[in-house]
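Work through the exercises below with the model open. Try each task before you read its solution.

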Amino acid sequence: MSGGTRSVGEIMSHPAVTATANETITAASARMREQGVGSVVVVDGDRPVGILTERDLVRMGAAGATPTDLVATWMTPDPDSVAPDVDAMTAFASLAEHGYRHIPVVDHARLVGIVSMRDLMRIAQIQPAESLAHEVPRGLEGVVVAETGIGDVRGKEGFYHYRQYNAVELAETRSLEDVWHLLYDGELPTAPQRAAFATEIAPLRHIPAEVQSALPEIARVARQAPPLDLLRTTLSLIGAALGFRPSLDLPAAELHEQGMRVCAVVPTLLCALYRLQHDLEIIEPRPDLAYAANYLYMMSGDVPTAAHARGVEQYLISTIDHGFNASTFTARVITSTGADLVAAVVGAIGALSGPLHGGAPSRALDMLDAIGTVDKADAWLRDAVGRGDRLMGFGHRVYKTDDTRSVMLRSVAERLGGSKVELAKQVEQVAIDVLAELKPGRKLYTNVEFYAGVVMDTCGVPREMFTPTFASSRVIGWTAHVLEQAADNRLIRPSAQYVGPPPPRPVPPVS
Ligand SMILES: CC(C)(COP(=O)(O)OP(=O)(O)OC[C@H]1O[C@@H](n2cnc3c(N)ncnc32)[C@H](O)[C@@H]1OP(=O)(O)O)[C@@H](O)C(=O)NCCC(=O)NCCS
């Protein structure tokens with residue numbers, strides 16, 4: 001161990017995030033989450049009287065605490081503290097010995113800051129002892145696990161971006177191919193680059209012949225399977241048929257080529273599987289149609305109107321990437337092992353297929369159908385929230401204000417017209433009012449899923465293809481992340497905290 005010459009006062013966080021003993025645990029834990037900290041110091045004026053940590057929150061959950069319980073009930077009273085002039089290594093030893101992760105820094109009975117195990121370890125440049133894991137919240141909320149130049153979500157400000165551009169502005173003004181070029185090559189294309197990109201993509205849209213001939217049998221065996229499950233399976237087959245090798249062994253240019261190939265073929269594969277499952281002939285891609293128009297054409301057999309193609313294209317652009325979501329993280333973890341590009345995409349599809357991630361714009365549409373007419377909306381929605389149900393298409397983990405994607409898609413839906421739009425707008429308003437009344441302070445607004453369903457339905461996409469359509473654009477984001485991870489790789493290999501019976505116990509003889 002080294003680095004024990006700095007004092008606690010130099011490395012502590014200050015001011016510490018605080019709470020009072022008579023506020024609710026809901027308010028205190030919300031503050032912890034907002035500020036991205038693992039504990040709050042409970043104070044009486046300047047004086048620390050307790051500490052409430054993430055561990056306490058887990059304990060409370062298990063013990064059946066209610067959100068209105070007061071901090072005083074669950075905090076650890078009179079916590080140990082450390083003075084600012086104490087040497088960092090001495091403080092480290094004390095934290096380690098007692099199993100603390102945070103310790104208030106107190107000067108003459110006055111709280112002046114807080115120091116965490118993580119702060120101390122960073123300074124001391126020591127490896128965590130096996131019993132002393134770095135503390136991160138369950139679900140890794142707010143934990144930075146990578147650097148990316150692809151894009152980010154600024155939830156509080158209500159916007160997200162692809163590279164240096166506002167993603168919604170891109171969806172309003174650019175083609176999907178332009179944005180794909182931006183993600184892959186770092187810049188929006190010039191006119192000649194755009195033409196070259198289209199020429200490059202056209203032949204890559206075709207399913208390799210040996211895989212295409214196997215599709216009818218696969219669709220027959222898994223006739224009822226969701227299209228996303230079949231995509232996962234058949235994409236694996238494509239990777240194997242094309243002889244994709246571990247990313248670790250490939251030059252960047254070859255990985256880039258593979259990424260282009262996978263992104264181009266996914267829409268074709270999805271439409272082929274959908275049609276086979278419905279006893280329809282596969283429709284070959286048309287090189288003269290742009291991405292979204294070609295997608296709708298391969299699905300239905302009809303060239304869509306320009307308005308429908310543009311509506312779907314705008315939805316697709318808006319869903320290409322969205323921060324370090326679960327499927328993107330999955331793709332990067334798999335790539336970090338050096339596995340091949342298709343392995344990463346198949347893993348990402350698996351993550352996306354889970355209801356907590358892939359979402360279900362179809363469920364928002366089901367809700368509209370169930371409500372039927374606006375006069376029934378208030379009672380229906382109150383009933384649902386009263387029962388503890390979630391209103392589909394409302395609320396978001398990151399956005400606590402309008403999800404800009406929903407604002408854009410609302411205007412796309414308005415432009416397209418159609419039978420569902422008016423009802424959707426009216427129900428949206430009633431839902432926001434009902435949520436504000438029955439879930440005050442939770443900041444629940446419309447999310448991307450609400451109008452996504454309306455737009456896709458209006459443009460003729462069947463409900464079972466909503467989430468697959470989402471996957472067909474997100475694959476561009478996943479593979480851009482694969483290229484980025486592979487270009488500057490380090491194996492992602494975190495740790496878990498062991499909470500089982502204490503080891504080691506003698507292994508009993510076989511009875
Ligand atoms: C997206 C979602 C999972 C984010 O949830 P989260 O950040 O984990 O929010 P929480 O689960 O902490 O919810 C906070 C509170 O708001 C309530 N809430 C959140 N979303 C709600 C919704 N759509 N309808 C009703 N209440 C909702 C929760 O019940 C909770 O209330 P409580 O404090 O009384 O327990 C959640 O809003 C949701 O389930 N929405 C509906 C499904 C959906 O549209 N998914 C697509 C997302 S793009």
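**Exercise 1. The ligand site**

Task: Find which residues are closest to the ligand, and how many surround it.

Solution. Step 1: count the neighbours. There are 16 residues around the ligand, where near means that a heavy atom lies within 4 Å. Step 2: pick out the closest. They are L391, G393, F394, K439 and R442.

Before going on, note the ground rules. This is a predicted model, in which local features need pLDDT of at least 70 and side-chain atom pairs count only at pLDDT 80 or more, while totals for chains, interfaces and linings use all residues. Residues are numbered from 1 along each chain as its sequence is written, and side-chain values use heavy atoms, with hydrogens and water left out.

Step 3: list polar contacts, that is, pairs of N or O atoms within 3.5 Å; within protein, one must be able to donate a hydrogen and the other to accept it, and residues adjacent in sequence count only if both atoms are side-chain atoms. The side chain of R390 places an N or O atom 3.0 Å from a ligand oxygen. G393 uses a backbone N or O atom, 2.8 Å from an oxygen of the ligand. F394 also offers a backbone N or O atom, and its partner is a ligand nitrogen at 2.8 Å. Step 4: check the cover. The ligand alone exposes 870 Å², and the protein buries 69% of that. These areas come from the Shrake-Rupley method with a 1.4 Å probe; for residues, only the protein chains shown count as cover.

**Exercise 2. The whole chain**

Task: State how many helices and strands the protein chain has.

Solution. Step 1: count the elements. The chain has 23 helices and 9 strands. Helices (H or I, at least four residues) and strands (E, at least two) are DSSP runs, numbered from the N terminus. Step 2: box the C-alpha atoms. Along the principal axes they fill roughly 75 × 65 × 60 Å. Step 3: look at burial. Of the 511 residues, 46% are buried. Buried means under 20% relative accessible area, exposed over 50%, and partly exposed in between (1.4 Å probe, protein chains only).

**Exercise 3. Helix 23**

Task: Find where helix 23 is kinked.

Solution. Step 1: take its span. Helix 23 covers residues 466–487, 22 in number, and reaches 32 Å between its first and last C-alpha, close to the expected 32 Å. The expected span is 1.5 Å times one less than the number of residues. Step 2: locate the bend. A kink of about 35° is centred on R474. The bend is the angle between axes fitted to the seven residues ending at a residue and the seven starting there. Step 3: check the cover. In helix 23, 19 of the 22 residues are buried.

**Exercise 4. Strands and hairpins**

Task: Work out the strand order of the open sheet that holds strand 7.

Solution. Step 1: read the order. The 3 strands run 7-8-9 with antiparallel pairing. Strand 7 (151–154) and strand 9 (165–166) are the edges, each pairing on one side only. Two strands pair if DSSP finds at least two bridges between them. Step 2: follow the bridges. Strand 7 and strand 8 (residues 159–162) share 4. R154 is matched with F159, and D152 with H161. Step 3: inspect the turn. This hairpin has 4 residues between its strands, and G158 takes a positive phi near 70°. Step 4: compare the faces of strand 7. G151 and V153 point to one face and are buried, whereas D152 and R154 point to the other and are not.

Step 5: turn to a second hairpin. Strand 5 (residues 102–107) joins strand 6 through 6 antiparallel bridges. I103 stands opposite V115. The turn has 2 residues between the strands, and H108 there has a positive phi of about 50°. Strand 6 (residues 110–116) has 6 of its 7 residues buried.

**Exercise 5. Unusual backbone**

Task: Is D279 buried or exposed?

Solution. Step 1: place D279. It sits in the loop between helix 13 (252–277) and helix 14 (291–300). Step 2: read phi. The value is positive, about 60°, though D279 is not a glycine. Step 3: read its accessibility. D279 counts as exposed because its relative accessibility is 60%.

Step 4: repeat for K443. Its phi is near 55°, and its relative accessibility of 47% makes it partly exposed. Step 5: check the cis peptide bonds. H14 to P15 is cis, with omega near -5°. P503 to P504 is cis as well, with omega near -10°.
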